[in-house]
Amino acid sequence: MLLKETGKTKEQMQETYNTYFYETFKRFDFIADRGEGAYLYSDDGRAYLDFMAGIAVNSTGHCNEKVVEAITNQCKELIHSSNYCYSVPQGMLAELICTSIGMEKIYFQNSGAEANEAMIKLARKYGKDNFGPERYNIVTAYNGFHGRTLATLTATGQPGTAIQNNYDPLMPGFKYAEYNNLNSFEEACDENTIAIMVEPVQGEGGVIPATKEFLVGLRKLCDEKNMLLLFDEVQTGFGRTGSLMAYMGYGVKPDCVSMAKAMGGGMPIGAMCTSAKLALTFGPGAHGSTYAGNPVCCAASYAQVKEIIDNNLPDNSKNMGEYFASKLSTLPGVKEVRGKGLMIGVEFNKDIATDVKYNASDEGLLITAVRPAVIRLVPPLNVTKEECDKAFDILNSVVNKLI
């Protein structure tokens, strides 16, 4: 629904939000009206270069033609049935993802948090089924982020922050260790640990890539101690880091991987993938969801993933990521530029990230701030050099005024 169809002004719509909506975001001062490619347009027609990409969701751009066509066609045939029925979009998507990323089984969910929740449940049940009632502990990383359900916010290693504060008692069975520190993870594991769960690149933690040595070491540790290695690829999956899944670029295969964001083209969908053997942990009644694997979401996801693969967007992500990161390193006041592919973090030597974020939006560029001194840039994977140059020029102007 467009603003003009409501009969309200921009100010009246904002007041409607203030009156009726739980406000947990500090919003930009415009109403999103439509999207096309790398641009989001406000109700008054202003173009915003979207290097948030819906927070790493719109990886083939806003309203990708193939995704829109898939949604439209599927809505004419079947919007929802239930998971008691077979559906063509669900089956086709399952085959496409599993064969593309080297996994054997997939279970669909509605979001990244739900996909991670499913991984946690799977690991716990696997531990109890095979090793006894006390084998359910999971070790995650400090400064990680895995979601906002009770289990996933507990798995998020950010004690003392708004993410966890006053939701206690938190879910038992979690320990935290230092990211990229294999010794710290070894020390955190005990005889009751069943899994290690990490992001290949920490997103909300400041865009921190794992070292190959760290992930290889975790794989070895899990193999030695009969533990599962779980990768949270909700943000890194489907080309974001320069390979279809981040673990494929590292050459380290997890026992279970979660995914969401980029896979849906803007529609709400997530999933976890495992081996066929591990999938046996979930029998009838052990897990379920009413909407998960919805035909429209699966049709959109099939089109989105095909676009990413067919157009070799992981390669563009790698190449444009290197180009853009090199330019960003010349911004004033930069302490470090880090990331993989088109998942880039810029850390400044001052806590100006939030000011950069909102000042950039005033100039027509959308980005996120993930730490007081760190901005995150996750543009569409088909972004061009010209669009990267335009984003850099805006950031350069904004940062020069703040440093």
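Buried means under 20% relative accessible area, exposed means over 50%, and partly exposed lies in between. The model used in these exercises is predicted.

## Exercise 1. A salt bridge and its surroundings

Task: Find the salt-bridge partner of glutamate 347, classify both residues by burial, and place the pair in its network.

Solution.
- Step 1. The partner is arginine 338. The closest N and O atoms are 2.7 Å apart.
- Step 2. Check the cut-off: a salt bridge needs a side-chain nitrogen of Lys or Arg within 4 Å of a carboxyl oxygen of Asp or Glu. The pair of glutamate 347 and arginine 338 is a salt bridge.
- Step 3. Classify. Glutamate 347 is buried, and arginine 338 is buried too.
- Step 4. Widen the view. Salt bridges link Lys335, Glu336, Arg338 and Glu347 in a network.

## Exercise 2. The sheet of four strands

Task: Give the strand order of the open sheet of four strands, name its edges, and locate the helix across E13, E14 and E17.

Solution.
- Step 1. The order is E13-E14-E17-E16, with antiparallel pairing.
- Step 2. The edges are strand E13 (334–340) and strand E16 (368–371). Each has a single partner strand, so one side of each lacks a neighbour in the sheet.
- Step 3. From one strand to the next, the twist averages 25 degrees.
- Step 4. Zoom in on one pair. E16 and strand E17 (residues 374–377) run antiparallel and are joined by three bridges. Alanine 369 has isoleucine 375 in E17 as its bridge partner.
- Step 5. Add the helix. Helix H13 (residues 313–328) lies across E13, strand E14 (343–348) and E17. H13 runs at about 10 degrees to E14.

## Exercise 3. The sheet of seven strands

Task: Work out the layout of the open sheet of seven strands, then describe how helix H6 sits on it.

Solution.
- Step 1. The order is E4-E12-E11-E10-E7-E5-E6, and the pairing is mixed.
- Step 2. Strand E4 (105–109) and strand E6 (174–177) are the edge strands, each pairing on one side only.
- Step 3. On average, neighbouring strands of this sheet are turned by 20 degrees against each other, direction ignored.
- Step 4. Helix H6 (residues 112–131) packs on the sheet. It touches E4, strand E5 (137–141), E6, strand E7 (193–198), strand E10 (228–233), E11 and E12. The direction of H6 makes about 160 degrees with that of E7.
- Step 5. Inspect one pair. Strand E11 (residues 256–259) and strand E12 (residues 270–274) are antiparallel, with four bridges. Serine 258 has methionine 272 in E12 as its bridge partner.
- Step 6. Look at the loop between E11 and E12: lysine 261 is there. Lysine 261 has a positive phi of about 35 degrees, although it is not a glycine. Its relative accessible area is 24%, so lysine 261 is partly exposed.

## Exercise 4. Two links along the chain

Task: State which parts of the chain are tied by the salt bridge of lysine 66 with glutamate 307, and which by that of lysine 175 with aspartate 190.

Solution.
- Step 1. Start with the total: the whole structure holds 16 salt bridges.
- Step 2. Lysine 66 and glutamate 307 meet at 3.8 Å, N to O. Lysine 66 lies in helix H4 (residues 65–77) and glutamate 307 in helix H12 (residues 295–310), so the pair ties together parts 241 residues apart in sequence.
- Step 3. Compare burial. Lysine 66 is partly exposed at 44%; glutamate 307 is buried at 15%.
- Step 4. Lysine 175 and aspartate 190 form a salt bridge, with their closest N and O atoms 2.9 Å apart. Lysine 175 is in strand E6, and aspartate 190 is in the loop between helix H8 (182–188) and E7, 15 residues apart.
- Step 5. Lysine 175 is partly exposed at 35%. Aspartate 190 is partly exposed at 26%.

## Exercise 5. Backbone and surface details

Task: Locate the cis peptide bond from aspartate 168, the positive phi of isoleucine 55, and the nonpolar patch holding Phe21.

Solution.
- Step 1. The bond from aspartate 168 to proline 169 is cis, with omega near 5 degrees. Proline 169 sits in the loop between helix H7 (150–155) and E6.
- Step 2. Isoleucine 55 is not a glycine, yet has a positive phi of about 65 degrees. Isoleucine 55 belongs to helix H3 (residues 53–56) and is partly exposed at 31%.
- Step 3. Tyr17, Phe21 and Tyr22 form a nonpolar surface patch with about 390 Å² of accessible area together. Phenylalanine 21 is in the loop between helix H2 (10–20) and strand E1 (32–36). Phenylalanine 21 is partly exposed at 45% relative accessibility.

Conventions:
Residues are numbered from 1 along each chain as its sequence is written. This is a predicted model: local features need pLDDT of at least 70, side-chain atom pairs count only at pLDDT 80 or more; totals for chains, interfaces and linings use all residues. Side-chain values use heavy atoms; hydrogens and water are left out. Patches are made of residues with over 30% relative accessible area and no salt bridge: like charges are joined within 9 Å, nonpolar side chains (Val, Leu, Ile, Met, Phe, Trp, Tyr) within 5 Å. Accessible areas come from the Shrake-Rupley method with a 1.4 Å probe; for residues, only the protein chains shown count as cover. Helices (H or I, at least four residues) and strands (E, at least two) are DSSP runs, numbered from the N terminus. Buried means under 20% relative accessible area, exposed over 50%, partly exposed in between (1.4 Å probe, protein chains only). Two strands pair if DSSP finds at least two bridges between them. Axes are lines fitted to C-alpha atoms, for helices over the stretch in contact, and angles run from 0 to 180 degrees between N-to-C directions. Contact means heavy atoms within 4.5 Å.
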